[in-house]
Amino acid sequence: MAPIDRGPFCGYNISYSIQAVYRLYPPGCGGALEDIVSLTPIGEPRRKITTATLCEKKLHHVPITCLTAYDYATARLVDEAGIDIVLVGDSLAMTMLGYDNTLSVTVDEMLHHVRAVRRGTKDALLIADMPYGSYHATAEEAIHNAARFVKEAGAEAVKMEGGEKRVDVIRRVIDAEIPVAGHIGLTPQSVNILGGYKVQGKTLNAIEQLMRDAVALDRAGVACIYLEGIPREVAAMITAEVETPTIGIGAGPECDGQVLVFHDLVNLTFGHAAKFVRRYGDAAALITQAVLTYKADVIAHQFPSDSESYHLPKDTQVALETVLHRKHALQR
Ligand code: KIV
């Protein structure tokens with residue numbers, strides 16, 4: 001097969017043998033020949049991230065980056081910084097809405113935020129969290145709610161917590177043409193069953209269950225698997241075992257990608273930070289300083305200044321002065 005010319009494929013050489021195709025796209029990672037033309041060599045200009053991009057990245061050992069975002073402004077910043085996945089996590093229950101945990105947030109509340117994030121996201125893959133209770137009763141209800149995230153808010157995939165016990169529902173949602181991200185380990189929607197936010201997978205039985213969960217999700221064809229709050233060694237085993245890209249949070253560096261909650265990244269969360277959180281900036285300090293300076297300026301009549309004020313046009317000013325002058329003259 002002769003290499004194809006530059007042009008619509010940006011010079012990407014698609015002269016692969018069928019075996020090479022299967023090496024690049026093993027079953028579960030979208031093995032169709034036509035997918036090859038969507039490959040962009042690493043270092044090319046940024047382009048739309050899809051679920052296929054995540055598989056490409058895993059295969060080429062290129063780390064996947066993911067951050068949560070919950071509104072237009074942060075979505076724009078995250079997307080324009082070139083982060084691969086913008087996740088509208090149900091962590092917004094705490095970070096944005098001030099709830100104690102994720103359990104009370106509703107589909108409608110989530111949709112409101114996903115729509116805002118959609119408007120701020122261009123290139124990144126947009127994943128929306130399915131909140132607690134929206135996929136736990138029946139597959140029909142799960143499909144109905146997942147489709148709302150796609151149709152009403154523009155999500156490109158939905159995330160559901162749980163492994164083996166949730167896999168039938170997940171398969172049904174994928175069958176309805178909606179990509180699903182799995183989420184296993186410390187699954188915050190199970191906080192009452194788990195008895196708190198505890199690291200999972202610390203015993204041999206627990207490791208075996210996690211492996212079964214990961215393999216079940218892999219076979220179901222999920223787009224990626226979030227691994228939360230599990231020992232690094234277990235995350236490494238899962239990552240090596242499954243073809244699906246893994247994205248870790250508190251799961252060590254061997255995952256195929258990493259995710260952090262945006263508010264943790266920039267110190268906008270209050271209270272104790274988990275061990276895995278690295279603060280990359282201090283937005284709390286920045287905002288507090290700005291607010292205190294504004295308050296002091298207003299109290300000291302230093303804000304707004306003349307240059308921050310609107311002025312009358314010259315002729316209106318002259319006319320106004322004449323009117324006021326006459327009025328005062330009449331009052332005398
Ligand atoms: O809700 C969320 O932000 C999440 C991530 C931490 C994976 O589920």
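The exercises below go through one predicted model, each with a worked solution.

Residues are numbered from 1 along each chain as its sequence is written. In this predicted model, local features need a pLDDT of at least 70 and side-chain atom pairs count only at pLDDT 80 or more, while totals for chains, interfaces and linings use all residues, and side-chain values use heavy atoms, with hydrogens and water left out.

**Exercise 1: the chain as a whole**

Describe the chain by its helices and strands, its burial and its contacts.

Solution. Begin with the elements: the chain has 13 helices and 8 strands, where helices (H or I, at least four residues) and strands (E, at least two) are DSSP runs, numbered from the N terminus. Next consider burial, for which buried means under 20% relative accessible area, exposed over 50%, and partly exposed in between, with a 1.4 Å probe and protein chains only. By that rule 42% of the 332 residues are buried. Then turn to contacts, meaning heavy atoms within 4.5 Å: among those with a separation of 6 or more, 55% are made by residues 24 or more positions apart. Finally, the accessible surface, found by the Shrake-Rupley method with a 1.4 Å probe, where for residues only the protein chains shown count as cover, comes to about 18300 Å², and 58% of this belongs to carbon and sulfur atoms.

**Exercise 2: the two sides of helix α7**

Find which residues of α7 (167–175) are buried, and explain why they lie on the same side of the helix.

Solution. The buried residues are Val167, Val169, Ile170 and Val173. They share a side of α7 because they cover an arc of only 160 degrees around the axis, the arc being that of the directions from the helix axis to the C-beta atoms. As a general point, an α-helix has 3.6 residues a turn, so residues three or four places apart point the same way. On the face turned away from the buried side, α7 carries the exposed residues Asp168 and Asp175. The cover over the buried residues includes α6 (139–151), β4 (157–161), β5 (180–185) and α9 (204–220). After α7 comes glutamate 177, whose phi is positive, near 70 degrees.

**Exercise 3: the surroundings of the ligand**

Name the residues around the ligand, and then work out which side chains place a polar atom beside one of its oxygen atoms.

Solution. A residue counts as near when one of its heavy atoms lies within 4 Å, and the residues around the ligand are Thr68, Leu87, Gly89, Asp90, Ser91, Asp129, Lys159, His183, Tyr226, Ile249 and Val261. For the second step, take side-chain distances to an oxygen atom of the ligand: an N or O atom of aspartate 90 is 3.0 Å away, a polar atom of serine 91 is 2.5 Å away, and a polar atom of lysine 159 is 2.8 Å away. Taken alone the ligand exposes 260 Å², and the protein buries 95% of that.

**Exercise 4: the nonpolar cores**

Which residues of the largest nonpolar core touch the most other members?

Solution. A nonpolar core is a set of buried Ala, Val, Leu, Ile, Met, Phe, Trp, Tyr and Cys residues joined through side-chain atoms within 4.5 Å. The largest one holds 58 residues, and Phe149, Val158, Met160, Val173, Leu227 and Ile238 touch the most other members. Its largest share, 7 residues, comes from α9. A second, separate core of 15 residues includes Ile64, Cys66, Leu125 and Ile249.

**Exercise 5: backbone details in loops**

Locate the cis peptide bond, and then describe two loop residues with positive phi.

Solution. The cis bond joins phenylalanine 303 and proline 304, with omega about -5 degrees, and proline 304 is placed in the loop between α12 (283–299) and α13 (314–331). Histidine 61, in the loop between α2 (51–59) and β1 (64–68), has a positive phi near 55 degrees, and this histidine is exposed, at 71% relative accessible area. Asparagine 267, in the loop between α11 (262–265) and α12, has a positive phi near 60 degrees.

**Exercise 6: far in sequence, together in space**

How many residues apart in sequence are threonine 95 and aspartate 264?

Solution. Threonine 95 belongs to helix α4 (residues 92–95). In sequence, threonine 95 and aspartate 264 are 169 residues apart, while in space their C-alpha atoms are 9.0 Å apart. Leaving aside neighbours within four places in sequence, threonine 95 is in contact with Tyr70, Val261, His263 and Thr269.

Notes. Polar contact = N/O pair within 3.5 Å; in protein donor to acceptor, adjacent residues only side chain to side chain.
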